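Biologist: Could you take me through the protein shown below, with its empty spaces before its strands?

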Amino acid sequence: MITIKSPHEIDLMREAGRIVAETHQLLEESLRPGMSTLELNEIAERYIRSKNAIPSFLNYCGFPASICASINEVVVHGIPSKDVIVHEGDILSLDIGAILNGYHGDAARTIACGKISDEAQKLIDDTKQSFYEGMAQAVVGNRLSDISHAVQVYAEDRGYGVVRDFCGHGIGTKMHEDPQIPNYGKPGHGPRLKAGMCLAIEPMINLGTYEVEVLEDNWTTVTLDGKLACHYENTIAVTEDGPVILTAL
């Protein structure tokens with residue numbers, strides 16, 4: 001069941017979302033070559049808790065950390081570890097969630113460690129833009145798959161693989177609510193969008209094939225061909241005046 005949030009609930013989600021956005025900014029400012037992903041996890045958890053919020057991901061379905069930290073070919077759900085080091089030239093996808101006053105914010109960013117290749121930077125930029133192409137369709141009266149289709153067309157027109165195995169989702173008092181939001185599909189399908197729907201739209205775009213593989217830890221998901229992957233996500237609200245990003249500074 002898709003829940004419709006009141007303006008007050010959306011305000012509460014915006015407060016949680018701001019903490020997520022601030023945490024992303026802090027991690028991007030903190031990242032240095034030679035850091036472990038566990039160090040980034042610790043920075044994020046300290047900051048989230050300093051704002052009287054709770055990391056959404058910690059112990060969620062057994063996930064053992066407060067953020068997901070996914071390097072290069074890791075698409076999503078990389079587990080922070082003292083043994084996983086971020087090197088100059090790597091790209092790092094960070095997925096962060098926070099709960100405040102019972103409501104969730106959820107956002108992902110892919111950032112550069114030092115100087116990266118032009119190809120990697122273009123992947124980051126195009127993945128971010130594919131989110132905005134999808135968000136532009138999140139207007140009252142459109143169908144849910146209009147979002148999905150816009151992401152797919154933008155990414156595939158530029159030669160990328162659009163991950164099929166994972167998708168965006170509704171969000172509110174639970175991190176994952178209805179509806180599921182694939183990043184591919186034909187337009188004009190699914191429920192009509194209504195004011196008060198809150199959605200986490202999150203393109204996962206690969207430099208090569210869209211196919212992925214989940215490793216033995218049952219979390220870490222990598223591209224099947226070993227090529228780079230990128231992830232960009234925001235929590236948004238559908239309003240009568242158009243879509244509004246809730247995970248913003």
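**Spaces and strands**

Biologist: Into which classes do the residues of the lining of the largest cavity divide, and how many are in each?

Modeller: This is a predicted model, in which local features need pLDDT of at least 70 and side-chain atom pairs count only at pLDDT 80 or more, while totals for chains, interfaces and linings use all residues. Residues are numbered from 1 along each chain as its sequence is written, and side-chain values use heavy atoms, with hydrogens and water left out. Ala, Val, Leu, Ile, Met, Phe, Trp, Tyr, Cys and Pro count as nonpolar, Asp, Glu, Lys and Arg as charged, and the others, Gly among them, as polar. By this scheme, the lining of the largest cavity has 6 nonpolar, 2 polar and 3 charged residues.

Biologist: How much space lies in the largest cavity?

Modeller: On a 1 Å grid over the protein atoms alone, a cavity is a set of points where a 1.4 Å probe fits but cannot get out, whereas a pocket is an open set with protein on both sides within 12 Å along at least five of seven lines, and lining residues have an atom within 4 Å of a point. Grid points are joined across faces, edges and corners, and a volume is the space filled by probe spheres set on the points. The whole structure holds 1 cavity of 30 Å³ or more, and the space in the largest cavity is about 30 Å³.

Biologist: Which element gives the most to the lining of the largest cavity?

Modeller: Helices (H or I, at least four residues) and strands (E, at least two) are DSSP runs, numbered from the N terminus. The lining includes E177, D178 and P179, as well as M197, C198 and L199. Two or more residues come from each of β8 and β9, and the element that gives the most, with 3 residues, is β8.

Biologist: Which residues are the closest to the centre of the largest pocket?

Modeller: The largest pocket has a volume of about 430 Å³. Of the 22 residues in its lining, the closest to the centre are Y60, H77, H169, H176 and E202.

Biologist: In what order do the strands of the open sheet lie?

Modeller: Two strands pair if DSSP finds at least two bridges between them. The open sheet has 5 strands with antiparallel pairing, and its edge strands, β8 (177–181) and β15 (242–245), each pair on one side only. The order is β8-β7-β9-β14-β15.

Biologist: Why is strand β4 said to be largely enclosed by the rest of the structure?

Modeller: A residue is buried when under 20% of its relative accessible area remains, exposed when over 50%, and partly exposed in between (1.4 Å probe, protein chains only). Strand β4 covers residues 91–100, and it is largely enclosed because the buried residues number 9 of the 10.

Biologist: How many bridges pair β4 with strand β5?

Modeller: β4 also pairs in the antiparallel sense with strand β2 (residues 67–71), over 5 bridges, where the partner of A69 is L94. With β5, β4 forms a hairpin that has 2 residues between the strands, and N101 in the turn has a positive phi of about 55°. I99 of β4 stands opposite H104 in β5, and the antiparallel bridges joining β4 and β5 number 10.
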